[in-house]
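Here are a few friendly notes to read alongside the model. They cover one protein interface and one DNA strand.

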Protein chains: 4
Amino acid sequence: MGRHSKVHSASTAAPAKTRTEKAAERSAAIVIAALAEFSEKGFAAARMEDVARRAGVAKGTIYLHFKDKQALFEGILLQVITPTIAALEHGVAAGESALALFKGLLPLIRDIDSSPRGDVIRLLISEGARFPELTETHYRVVIERGLAALKKVAQRAVDRGEMRSDALVRFPQLLSAPLLMGIIWTSLFGRFQALDIEAMYDAYIDLLFQDAPRPGNPPS
Amino acid sequence: MGRHSKVHSASTAAPAKTRTEKAAERSAAIVIAALAEFSEKGFAAARMEDVARRAGVAKGTIYLHFKDKQALFEGILLQVITPTIAALEHGVAAGESALALFKGLLPLIRDIDSSPRGDVIRLLISEGARFPELTETHYRVVIERGLAALKKVAQRAVDRGEMRSDALVRFPQLLSAPLLMGIIWTSLFGRFQALDIEAMYDAYIDLLFQDAPRPGNPPS
Amino acid sequence: MGRHSKVHSASTAAPAKTRTEKAAERSAAIVIAALAEFSEKGFAAARMEDVARRAGVAKGTIYLHFKDKQALFEGILLQVITPTIAALEHGVAAGESALALFKGLLPLIRDIDSSPRGDVIRLLISEGARFPELTETHYRVVIERGLAALKKVAQRAVDRGEMRSDALVRFPQLLSAPLLMGIIWTSLFGRFQALDIEAMYDAYIDLLFQDAPRPGNPPS
Amino acid sequence: MGRHSKVHSASTAAPAKTRTEKAAERSAAIVIAALAEFSEKGFAAARMEDVARRAGVAKGTIYLHFKDKQALFEGILLQVITPTIAALEHGVAAGESALALFKGLLPLIRDIDSSPRGDVIRLLISEGARFPELTETHYRVVIERGLAALKKVAQRAVDRGEMRSDALVRFPQLLSAPLLMGIIWTSLFGRFQALDIEAMYDAYIDLLFQDAPRPGNPPS
DNA sequence: TATGAATGAGTCTTCATTCAT
DNA sequence: CATGAATGAAGACTCATTCAT
């Protein structure tokens, strides 16, 4: 039945969604709502009813898409992880200079603190420790690969003389440190003292590459 | 008996605690227990009964010292803030070189992720956004001052030529970015990939001062 | 199924309750149970769980209908007030003689101490002072009007020479004094000495009209 | 020891209270405080700590005088019952006319609603049903005797022709009905419509004796 | 599928009572 | 005797989850 229902809905003019598509949309709406609620109130304090209301569905509907509250939490990460991986794998492939590569991240960083991606990071930071399995998945799928890629880029940069310090090779996490700091700062203290994450990141990258003999501009 | 009790307590060598002292001890024990529970389970998910058990008191006893769960949370921050301020004010006063000053922080960082101080930071990161007033207090009392001090040190370092980049002057938060990153990393991914926060910090500081003409070795 | 369910429910003869009707029934059941529990144990000592059990619902269900324990208390009065008003307004309209009117109340009084109306009165007497707003509503809606009506009837009776004393005109509350006394007596001392409230009331009314020249039997 | 301690305290100039006397005073203070709290908040809702504070003693002290909360409640009634009985027994003995006797009660009624006696009555009305044993004692000791006395007076009044109706003989409770009504009214609705209990009582008594051929003015 | 009324386990919080000082 | 810190049983209320419609 499912596969052919498209025929029926085709009679309605506009979207013509299959049952599966509609389900996917619903799921997405729920995930988005959950992300907002969880990141705002915290996992434990967020109420399923509020998630439902925000997603525009009834309380029971959530349970048609997610086994329970925890599964909903997992759903959030999954939904965000997928596109991230793609982006990652692609990004490193290009043999650009590390500086160009890092600077190229800047647009992604702009307004991150008010974006869903920022919410996910905040959520992971706040609640991750309570969900070991999820965190492991996230580590295996995103972090591990991301850091490996980063390390490669950093090593390349050092080899090419773009970067003098090997700090980033030894601790590739350092690249994201200011980002985390920025997100946390904004969420906690942004009201009192705004922080331009993008500018901070820019300054940070310059710091990393400071003084390094530019390629083609070898130190005499 | 009352009037002469001084005599009795004088005979017991060590403890001889006044009622007030005992109350303060109890409070401290409860705060420590609460810090552990809150940071482990999260504020909302932590159970007062577990806090009590961990502190070795009865459920009701907590309420003799703290109005409610939220007041307990506040108590944690307060108890930690006080010594921090003192440390801060003292630290900057000394006119040491920035490098020496920053390197001097290293011992404080060692094992921070498994220390109460690390717990407090984690707690603040995770739950701070849900306690705006507390966060404001913390900002006014600790962060604002700390950053101002940092900025001054950084500016001095730049003026003296110890540090080339002014990134730290513009974004003093950057100094703590690796620390946060380290704490978060350890709590989330430490199982999979240990991170030596101290070493990372050391490398980071070297990064900041890299290439800078050493004082006494002024650029010709 | 949804669209045609009307057909199904039409086939079942009697109940066919809409969701709203069922909710109203539930509310009523809860109110009745609460009245019983509150009047038996007192507001503070009554347990919500017992109310629930008595109403045949789960604890949580009460909170779907009433915000909290106090709202439940309010619900009791509201549910009882409504019919009372109607009765009041109607009763006085008729221009009967005061004696006939008062004697007409007797059936209402019979067994009042074991009726829900008696429970409400007892509840109001016992707990009313702790719920000033509720009491005000009750006063405005029931008492004030009732007394005004009573006063009018009493005045008419005096004017017509049915009643000699003007006590009831000045203190219309007096009419209900024996009723209250009866209810209180029964609840406190009924075990030791039964009291026939109806008979007492009858005697009391005779007392009020004693010796008064009967209409149509004018004093010679 | 107890009996002779007076000698010691006699050395202090003024009060010179024996241990027993001081204990009695404490008890009395506690009872008075409890009466106020219970009648204000209700038995269940009243807090022992508030009673203690009001009595100017520590929480634990109450338990030196009363076994538990219920015993405290009993203590209230006991403390009030004793003087009442004496008054009763004495009052009836005198062979005065019923009218004089009843009118003689008026001073006792003045301001009863704001007096401790009023509080006790209110307390008994509100909570009595929850303390069957206490109520029984009260009935046996106060009510039963009081009513019997009342009945005797009423009978005498009827016999003497002072009162025509035998309502009061059959239902001696009727005499106190307006009093109860007045106390309840004042506590519930006094804010909206003040009620002069004394005046009402006066009118009520007149009602009882209205029209009765005055003694010495026998009906022809 | 979608709904939301119903459930009841789980938690915070209160407060009568005890007892070491 | 007096105190008040400590206890822990008890109860109001919440909310994840189920299920009849």
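1. A polar contact here is a pair of N or O atoms within 3.5 Å. By that rule C:Arg47 qualifies, with a polar side-chain atom 3.0 Å from a phosphate oxygen of DNA strand F. Please keep in mind that this is a predicted model.

2. Chain B also reaches DNA strand F. A polar side-chain atom of B:Thr61 sits 2.3 Å from a phosphate oxygen of the strand, while B:Lys59 places a polar side-chain atom 3.2 Å from a base nitrogen.

3. Which residues come nearest to DNA strand F? Of the 33 around it, they are A:Met48, B:Ala58, B:Thr61, D:Arg26 and D:Thr61. The surface near the strand divides into 13 nonpolar, 6 polar and 14 charged residues. Helix 4 (59-65) of chain A and helix 4 (59-65) of chain C are among the helices that each supply at least two of these residues.

4. Looking from the DNA side, 73% of the atoms of strand F within 4 Å of the protein belong to sugar or phosphate, and the rest to bases.

5. Now to chains C and D: 51 residues of chain C are in contact with 51 residues of chain D. Together the two chains bury about 4400 Å², 70% of it on carbon and sulfur atoms. Between them the count of salt bridges is 0, whereas 7 residue pairs are in polar contact across the interface, both residues at pLDDT 80 or more.

6. On the side of chain C that touches chain D, helices 2, 8, 9, 10, 11 and 12 each supply at least two residues. Helix 11 gives the most, with 9 residues. That side divides into 28 nonpolar, 12 polar and 11 charged residues.

Conventions:
Residues numbered from 1 in each chain as written. Chains lettered and ligands numbered in written order. Heavy atoms only, no water. Contact = heavy atoms within 4.5 Å. Buried area = accessible area lost by both parts, 1.4 Å probe. Salt bridge = Lys/Arg side-chain N within 4 Å of Asp/Glu carboxyl O. Polar contact = N/O pair within 3.5 Å; in protein donor to acceptor, adjacent residues only side chain to side chain. Helix = DSSP H or I, 4+ residues; strand = E, 2+ residues; numbered from the N terminus. Nonpolar A, V, L, I, M, F, W, Y, C, P; charged D, E, K, R; others polar. Near = heavy atom within 4 Å.
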